[in-house]
Amino acid sequence: MKQQMMILIVLLAILTLPESYAGEPKPLEIGSQRELFVDDYLIDKMKGVELRLHHPVDEGVVLKFDNPWEGLFCGYCTIIKDGDIYRAYYRGRPTAGADGDVGEVYCYAESKDGKNWTKPEFALFEKQGHKKNNIILADAAPMTHNFSPFLDTRPGVPKAERYKALGGTMSSGLVAFTSADGIHWKQHPAGAVITKKMVPFPYMFDSQNVAFWSPVEKKYLSYFRVFKDGIRRIARVESDDFIHWSKPVLMNYTHRDEKAPIEHLYTNQTHPYFRAPHIYLAVAARFMPGRQVLTDAQAKEVGVHPKYFKDTSDAILMTTRGDNTYQRTFLSGFITGGIGAQNWVSRTNYPALNVVQTGPSEMSIYVNQDYAQPTAHLRRYSLRLDGFASVRADYKGGELVTKPLIFDGSKLSINFSTSAAGGIKVEIQDADGKPIPGFTLADSREQIGNEVNRIVTWKGGDDLKALSGKPIRLRFVMKDADLYSLQFTD
């Protein structure tokens, strides 16, 4: 009797679903959030178009690691935009040594525009005879090996804990720190909050271990480096209070519905994208151990430390939407080594944590380069807003049809670019793929130009309020054009 009742309940549930839902995947509920084409989340069908990775533009050196307490082995950088101030944090290390020893300090620089940086002088720690310097943490080994701060955006966070950080190696575990201003730091009384005992892997923590508050998941997340079968991998943990953390989960990788290759990822730099915080970006350092590029003569010429040119590395782009999987939509390099032997040494081209906006239509990524060399520095790279990747149509043209989705808003905004001969038209269909009268391809006004926020229009105007909350599909018909993102707005 119970079994018959359960069958009846299930049948009634199916029969009461909207017609377009029965037997079909539930429409994506995107609300008014911005969606980027960094993965295939929205995509149902593509014809004559492709997802294309875009490469950041080299904007040159922004910080030289030239103070006596900085030097050749500066690394594990973090960039934080706090209101009108950009803050840079990085390890200072002038000479080679063991991870987490007393020779490591943490340094600070700041900027008003993200392009021109200065090194303030504090009197917090005296080093190498210098009472004034830009050191914000010292005499705290091994936490100064990989200290990784973040701005805590959790609603109601106490002012004294507005900034938080994790730092430490396997010997210490990951130790919690707090700060009111991002400059004066103190260790949290809880001490090590993620410990070796918690992690079911043979080696961990010896890289930059990142953490942040997720406004979407409403919890703290941390992504840190572990070893699995001799490969540098990434694990994820979560917490409600930053002190008590869950059991680590190993992150997996997929590529177009297939398993992606498992490569050494030295740092992961996972963080919420500031314009779409439900998408976590990972501009990760891909490490190629034993892949030597320089000859001994070339290494001597650029002045790299003898132990640091037997490998090479670059940066890749991954994304995740809060589960235990990274989408490696693009397997090729995102930021690769530049011209010159100095760019092809071990542990160079490591990205800093966080992508930040540095102009009305520009964002920046920062990269640690010339590692283990006298010319070690931090470099800035730029992209258009949302410009990590796009749906690309060449001159012959093509089209994209989305999965069924439900939005909240009254207008459709797109971030796009075309050539003078190119353009984009948008058709709105019902969940079954039938064009909706008034929003057909024939009704669509072609979008031509290059803008990060263009409101799409049809012959009848731009008002989509009547379709809000209903399952629809979007069909983009494109020629010689790139579509970077879309968002429904009021």
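**Notes on a two-domain predicted model**

1. Let me start with a loop: Pro-142 sits between strand 10 (135–137) and strand 11 (148–151). The peptide bond leading into this proline from Ala-141 is cis, with omega near 5 degrees. If your setup script assigns peptide geometry, this is a bond to look at by eye.

2. A second backbone detail is at Lys-218, which has a positive phi of about 55 degrees although it is not a glycine. Lys-218 also belongs to a loop, the one joining strand 15 (210–214) to strand 16 (219–228).

3. Please keep in mind that this is a predicted model. The chain has a mean pLDDT of 94, and 95% of its residues reach 70 or more. Residues 1–22 are another matter: their pLDDT is below 50, and the stretch has seven contacts in the model beyond near neighbours in sequence. Where pLDDT is low, the predicted coordinates should not be read in detail.

4. Now to the overall layout. The chain is divided into domain 1, made of 28–54 + 389–489, and domain 2, which covers 58–384. Their contact takes 20 residues from domain 1 and 19 residues from domain 2. Between the C-alpha centres of the two domains the distance is 35 Å.

5. How much area do domain 1 and domain 2 bury between them? The figure is about 1,700 Å², with 56% of it on carbon and sulfur atoms. On the domain 1 side, Arg-34, Val-38 and Leu-53 supply 38% of the area buried against domain 2, more than any other three residues.

6. The polar side of this interface deserves a look too. Two salt bridges are counted between domain 1 and domain 2, along with 11 residue pairs in polar contact, both partners at pLDDT 80 or more. On the domain 1 side that touches domain 2, strand 2 (35–36), strand 4 (49–53), strand 33 (411–430) and strand 34 (450–455) each supply at least two residues. The residues of that side divide into nine nonpolar, five polar and six charged.

7. Turning to charge pairs, a search of the whole structure finds 35 salt bridges. One of the pairs is Glu-70 with Lys-119, whose side chains meet at 2.7 Å, N to O. Why does this pair tie together parts that are 49 residues apart in sequence? Glu-70 lies in the loop between strand 5 (57–64) and strand 6 (75–82), while Lys-119 lies in the loop between strand 9 (117–118) and strand 10, so the salt bridge links those two parts. Arg-321 and Asp-39 also form a salt bridge through their side chains, at 3.0 Å from N to O.

Definitions and conventions. Residues are numbered from 1 along each chain as its sequence is written. Side-chain values use heavy atoms; hydrogens and water are left out. pLDDT is the predictor's confidence in each residue, from 0 to 100. Contact means heavy atoms within 4.5 Å. Domain bounds come from an automatic or database domain assignment. Buried area is the accessible area (1.4 Å probe) that two parts lose on being put together, summed over both. A salt bridge is a side-chain nitrogen of Lys or Arg within 4 Å of a carboxyl oxygen of Asp or Glu. A polar contact is a pair of N or O atoms within 3.5 Å; within protein, one must be able to donate a hydrogen and the other to accept it, and residues adjacent in sequence count only if both atoms are side-chain atoms. Helices (H or I, at least four residues) and strands (E, at least two) are DSSP runs, numbered from the N terminus. Ala, Val, Leu, Ile, Met, Phe, Trp, Tyr, Cys and Pro count as nonpolar, Asp, Glu, Lys and Arg as charged, and the others, Gly among them, as polar.
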